[in-house]
Structures are given as structure tokens and as C-alpha cells.
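Please read these notes with the model open beside you. They are brief and go point by point.

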Amino acid sequence: MDHEDLSRRSLLQAIAATIGAATLPAGWAEIAQAADKAHAAAQLAGEARISFLSAAETKDIEAVAAQIIPTDDTPGAREAGVVYFIDRALATFLSHLARDYRAHLAEFQAAFRERHPGGSSFASLTSEQQVEYLKTVDRTPFFETTRLLTLLGMFSMPAYGGNRNGVGWKLIGFETQHVFQPPFGYYDRDYPGFVVDPAGTP
């Protein structure tokens, strides 16, 4: 692993470490309730699919997320399926944010069309054009919420829709481990019948 790989990994580790301190526009009670709903949604969700966002919304949000955590020598938000996490979150455990988020997305798209009248969508721009445009909207509610949702989708449990195949965890060197509860303990790990949930649920 070269210096650039180490720098990227260190950055992502720092980002992941701050997620716990970052909050959506909600109090701790709402966040705790959202966590419970997220767990329940993960148990019922099955294979990740888009159910809330339109095709156009999905493409634009995925393109924004892919600029927040881009793909280089290692996987980024696109490979992690972050947009599936965002879609599931807005449809279930963060549904109270859905209306405002969709309104902010519409503002983002309207501003884009004003700035790029010849462009069909943000997702249709080149990577360089996308970065240039995002620099003009990086303090807006849409971008700030998308940035946080992207980080959550990159590093949360795969069962919630993102972090596909645990790629986010691999980037920061995190190894998922089962949480043992009495009367079982770590010594049961070698028991032939013990299997860690492949979806990443401890």
C-alpha cells in the first residue's frame, strides 16, 4: 500500500469516526428511534432496490455521492451502492426527512438547469463539470444532507442497503464481529453451528 492509499484510508477512517458525532436535523430521541426503525427495516428489506426515488433523482443523487466519495484505486460510493441506502432511508427510517430532502433536490436540479441550460441533468455532466458545479452548492441543505447520508451509506451495515459487500469497512480496515450475549461468549465462535450473519448484522 503506497502513501496515497494510506492517505485515503486515513481520511476515510477520520470521516467514519466523526459520523457518530454528526447529526441529521433531529434530536437524540428521534435519532434513537430512527436506529430502531433502521434495524427493523433491514430485517424485512431483502435485496437492495430503488423504491422511493425516481430514475432521474437516483442518477443525480448517485452522481453527487460518487463525487463525495469517488472511485479511484479503491471502491467509492457508487460501488458501495450508497444510493440504495439513501433511497431505503428516505422510504423508511428517515421518512420524516423525505419531503424536505426531495424539495431541496428539486432546488438543486433547478439551479443546475439555470447554470447549464444545455445539460439534461447533473448526472450527464463530466466529472470535472460536476465538481465545478458542486463547489457552488456545497453549503446548501441538499448537499449537506446528501454528504451525511453518503457517509452513513458507505460505512453502515450492508443490511441497510449501502456498504455493498462491506467495501466501506474494508477501506477503513474495520472487521465486523459478532456481539455475543449471555449465556454465550467469544468461546462459542469455534462452535460448528455458529455463523455470523453475512448481511453484517451482529
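## Notes on the predicted model

1. **A buried asparagine in a loop.** Asparagine 163 is buried, with a relative accessible area of 0%. This residue lies in the loop between H8 and helix H9 (167-172). The backbone also deserves a look here. Phi of asparagine 163 is near 45°, a positive value in a residue other than glycine. Most residues other than glycine have a negative phi. Please bear in mind that this is a predicted model.

2. **A second asparagine in that loop.** Asparagine 165 is also found in the loop between H8 and H9. Its phi is near 55°, again positive in a residue other than glycine. Is asparagine 165 buried or exposed? Asparagine 165 is exposed, because its relative accessible area is 62%, over the 50% cut-off. Asparagine 163, in contrast, is buried at 0%.

3. **Overall make-up.** The protein chain has 9 helices and 0 strands. Read from the N terminus, every element is therefore written α, in the order α-α-α-α-α-α-α-α-α. The chain has 202 residues, and 37% of them count as buried. About 11,800 Å² of the protein chain is exposed. Carbon and sulfur atoms supply 54% of that area.

4. **Contacts across the sequence.** Take the contacts in the protein chain with a separation of 6 or more. Residues 24 or more positions apart account for 69% of them. Several of the points below give individual examples.

5. **Helix H8.** This helix covers residues 141-155, 15 residues in total. From first C-alpha to last, H8 reaches 21 Å, close to the 21 Å expected at 1.5 Å a residue. How many of the residues of H8 are buried? The count is 11 of 15, so H8 is mostly covered. Among the buried residues are Phe142, Phe143, Leu148, Leu149, Leu151, Met154 and Phe155. The buried list also includes Thr145, Thr146 and Thr150, as well as Gly153.

6. **Helix H3.** Residues 55-68 form H3, which has 14 residues. H3 reaches 20 Å between its first and last C-alpha, close to the 20 Å expected at 1.5 Å a residue. Its buried residues include Ile61, Ala63, Val64, Ala65 and Ala66. Glu57, Asp60 and Gln67 are on the buried list too, and so is Thr58. What covers the buried residues of H3? The cover includes helix H4 (77-80), helix H5 (82-91), H6, H7 and H8.

7. **Tyrosine 101.** This residue is found in helix H6 (residues 98-115). Tyrosine 101 counts as buried because its relative accessibility is 4%, under the 20% cut-off. Beyond its neighbours within four places in sequence, tyrosine 101 is in contact with Ile61, Ile86 and Leu90, among others. Its contacts also include Phe142, Thr145, Thr146 and Leu149. The side chains of tyrosine 101 and threonine 146 make a polar contact at 2.7 Å. Tyrosine 101 and proline 141 are 40 residues apart in sequence, yet their C-alpha atoms are 8.1 Å apart in space.

8. **Aromatic pairs.** The count comes to 9 aromatic pairs. A pair of rings is described by the distance of the centres and the angle of the planes. The rings of phenylalanine 108 and phenylalanine 142 have centres 4.6 Å apart and planes at 40°, so this pair is tilted. The pair links distant parts of the chain: phenylalanine 108 is in helix H6 and phenylalanine 142 in helix H8, 34 residues apart. Both phenylalanine 108 and phenylalanine 142 are buried.

9. **An edge-to-face pair.** Phenylalanine 112 and tyrosine 133 have ring centres 5.9 Å apart and planes at 80°, so the pair is edge-to-face. Phenylalanine 112 lies in helix H6 and tyrosine 133 in helix H7 (residues 127-134), so the pair ties together parts that are 21 residues apart in sequence. Phenylalanine 112 is buried, at 2% relative accessible area. Tyrosine 133 also counts as buried, at 2% relative accessibility.

10. **The ring cluster.** Which residues do ring pairs link into a cluster? They are Tyr101, Phe108, Phe112, Phe122, Tyr133 and Phe142.

11. **A charge over a ring.** Arginine 102 lies over the face of phenylalanine 52. The distance from the ring centre is 4.1 Å.

How values were computed. Residues are numbered from 1 along each chain as its sequence is written. This is a predicted model: local features need pLDDT of at least 70, side-chain atom pairs count only at pLDDT 80 or more; totals for chains, interfaces and linings use all residues. Side-chain values use heavy atoms; hydrogens and water are left out. Helices (H or I, at least four residues) and strands (E, at least two) are DSSP runs, numbered from the N terminus. Buried means under 20% relative accessible area, exposed over 50%, partly exposed in between (1.4 Å probe, protein chains only). Contact means heavy atoms within 4.5 Å. Accessible areas come from the Shrake-Rupley method with a 1.4 Å probe; for residues, only the protein chains shown count as cover. The expected span of a helix is 1.5 Å times one less than its number of residues. A polar contact is a pair of N or O atoms within 3.5 Å; within protein, one must be able to donate a hydrogen and the other to accept it, and residues adjacent in sequence count only if both atoms are side-chain atoms. Rings of Phe, Tyr and Trp (its six-membered ring) pair if their centres lie within 6.5 Å; planes under 30 degrees apart count as stacked, over 60 as edge-to-face and the rest as tilted. A charge sits over a ring if NZ of Lys or CZ of Arg is within 6 Å of the ring centre and within 35 degrees of the ring normal.
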